[in-house]
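Visitor: I would enjoy a close look at one part of this protein. Could you show me the structure, and then I will pick a spot?

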Amino acid sequence: MLKYLFGGDFIAYNDKKQIFSYSRIYFYNYLLALLPLLSLLFCKTAADEVITSVNMAYYSIFSLSFTNIIFFLYYYSTAYKTLRLLSPVVLLLQICTFLLSTAVWGYYTSSQSFPTATTILALLQTNVSESYEYLQTNFTGQTLLLFLFLVLVYLVFSLLLHLRLKSCRINNMPPVAIAVFVLLNLLTVYKSSMTPDNFFTNTLRETRNALAQYDNFSAQKNARQKILGSLKSLPKNAAGVYVLVIGESQNKGHMSAYGYHRPTTPWLQSIKNQHGFLLFDNAYSCHSHTVPVLTYALTAKNQYNTLPLEQAASIIEIAQAADFHTVWISNQVKYGAWDTPVSVIADQSQTQYWLNGHLGETTQTTHFDLSLVDVLKKLPVFDKALIVVHLMGNHGSYEERYPHAFNRWTGKSHIDKYDNSILYNDFVMKQLFSAVKDLPNFQGMIYFSDHADDVDAGLGHDASRFTFDMARIPLYMYFSDNYIQKYPHTMAILKKHTSAYFTNDLIFDTLINIMQIPFPVLEETNSLADKNYKNTSTNLKTLYGKKSLSEDPFAD
Ligand SMILES: [Zn+2]
């Protein structure tokens with residue numbers, strides 16, 4: 001048994017040097033793969049996460065079997081000439097294991113939390129400059145040194161292992177025994193990675209599932225359009241131009257219009273009680289990351305229905321089916337690492353302006369949000385249109401979001417910088433509002449933030465560290481006199497609902513109602529513009545159904 005366990009003729013060999021060599025190879029191998037893997041259990045405990053004994057058992061079995069496979073493959077690939085081809089594969093497995101666990105530890109040291117599938121998706125969706133900003137804010141020199149040190153240790157051990165293996169010779173372990181051992185380990189790796197109790201493989205599986213869903217959403221574009229074709233036969237609804245403005249990382253608790261002590265939103269405060277203007281008090285985001293939020297906010301999919309995402313028509317698809325011209329103006333990057341439903345939705349718009357990309361004639365790569373207003377002002381006249389404006393808003397790094405003139409709170413704290421960015425956002429919205437108000441055929445403007453940031457605790461909006469501060473968002477609307485005259489009923493219902501609880505995945509239903517699109521399968525109880533809207537903090541949820549709004553200490 002010892003002989004098999006230690007992967008060599010532990011007993012049969014008399015040459016002391018050989019025995020030493022074999023056991024040390026074994027030791028190095030385990031140090032390179034098993035220790036980093038098992039260390040994640042400590043990482044999870046350090047992050048204050050609950051690990052049950054079942055979790056621990058599954059993960060340990062998985063780690064041990066995985067290391068065994070690496071070890072045996074490595075050992076025999078150097079022992080048998082014919083198996084030499086396996087060497088690079090094994091080395092790759094080792095490096096991946098090491099890098100993955102180092103990345104998890106790196107994430108932990110910067111955020112004191114354990115990464116989730118959403119974290120991985122969010123990291124992959126950010127672009128290079130955003131990742132750089134993240135590193136700048138979260139990584140200290142110490143973390144970097146620790147990382148470099150770990151890499152160095154790893155390289156030294158790898159080198160030692162390679163040198164040692166050169167001196168290895170074939171032993172007498174029967175091939176059947178090797179095969180059985182490897183097969184057994186393969187089986188345990190498979191079994192222990194299929195259970196949700198293995199947090200490591202489960203996170204990877206959740207990430208993969210989300211990506212598959214995104215792919216499906218993109219692939220089913222034509223199928224959705226076919227269904228929507230039937231909308232053309234419905235009675236044509238009235239003309240008009242609607243503007244949907246999507247804010248970014250804006251916490252309503254830092255807006256004076258919602259009672260914040262600093263005068264961060266003078267414009268919103270001055271206008272919130274004016275005729276045609278509606279400020280909603282109890283809006284929440286449905287998640288804390290941009291892509292999951294907008295995937296639900298802009299499609300028929302929401303936290304409460306069972307509709308498969310790929311069948312969920314988007315607001316752009318529906319508006320187009322109802323003969324609205326669709327325009328997308330964005331200060332966010334067009335493409336992340338792959339097509340998300342958000343980029344698919346945006347890309348279906350008939351007219352698009354991307355200020356934050358390398359498309360078009362512009363030589364500037366960074367614009368403040370005010371540039372979006374210039375684009376709006378130059379738009380051609382539309383009789384019937386839906387214009388979506390996607391701001392960079394208050395996304396970190398906060399000090400990069402506003403020009404120097406808005407450096408009103410000059411302290412070094414991130415709260416001062418965030419409040420400056422809110423002040424600038426208020427200025428941008430003031431300009432944007434006066435521009436859209438003057439658009440020919442203008443009917444209404446709806447503003448909401450994708451999610452908020454927990455600024456006071458300095459947590460950003462990382463879902464693995466979720467607090468309700470990441471979900472309390474502003475929502476406001478303005479309707480023209482023309483609209484109020486045409487649809488006094490809709491206006492009255494919306495007014496009645498200004499204190500109602502709401503999650504922004506229901507923007508879709510609400511907007512379709514506001515635009516008076518006769519969409520046949522609309523869930524009327526989910527539209528703020530429908531008299532049957534009855535949602536409360538008890539039945540509404542956030543973080544994709546994981547948290548009830550009633551858990552928010554601020555909710556009543
Ligand atoms: Zn966002």
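Visitor: Let us take I51: why does I51 count as buried, exposed or partly exposed?

Guide: Happily, and two notes go ahead of the answer. This is a predicted model, in which local features need pLDDT of at least 70 and side-chain atom pairs count only at pLDDT 80 or more, while totals for chains, interfaces and linings use all residues. Residues are numbered from 1 along each chain as its sequence is written.

Now to your residue. I51 counts as partly exposed because it has 14 C-beta neighbours inside 10 Å; a buried residue has 20 or more other C-beta atoms within 10 Å of its own, an exposed one 12 or fewer, and a partly exposed one lies in between, with C-beta atoms placed from the backbone. For the chain as a whole, 40% of the 556 residues count as buried.

I51 sits in the loop between α2 (16-46) and α3 (53-79). Helices here are DSSP runs of H or I with at least four residues, and strands are runs of E with at least two, numbered from the N terminus. Leaving aside neighbours within four places in sequence, I51 is in contact with L41, K44, T45 and M56, where contact puts the C-beta atoms, placed from the backbone, within 7 Å. F199 lies 148 residues from I51 in sequence, yet their C-alpha atoms are 9.2 Å apart.

Follow the chain out of this loop and you enter α3. The axes of α3 and α4 (residues 87-111) are 9 Å apart and make an angle of about 150°; axes are lines fitted to C-alpha atoms, for helices over the stretch in contact, and angles run from 0 to 180 degrees between N-to-C directions. The two helices are therefore roughly antiparallel, a label for angles over 145 degrees, with under 35 roughly parallel, 65 to 115 roughly perpendicular and the rest oblique.

On the α3 side, I70, L73, Y74, S77 and T78 meet S87, V90, L93 and Q94 of α4. By class, this contact has five nonpolar, four polar and no charged residues; Ala, Val, Leu, Ile, Met, Phe, Trp, Tyr, Cys and Pro count as nonpolar, Asp, Glu, Lys and Arg as charged, and the others, Gly among them, as polar.

To place all this in the whole, the protein chain comes to 19 helices and 11 strands. Of its contacts with a separation of 6 or more, 74% join residues 24 or more positions apart.

Methods:
Two residues are in contact if their C-beta atoms, placed from the backbone, lie within 7 Å.
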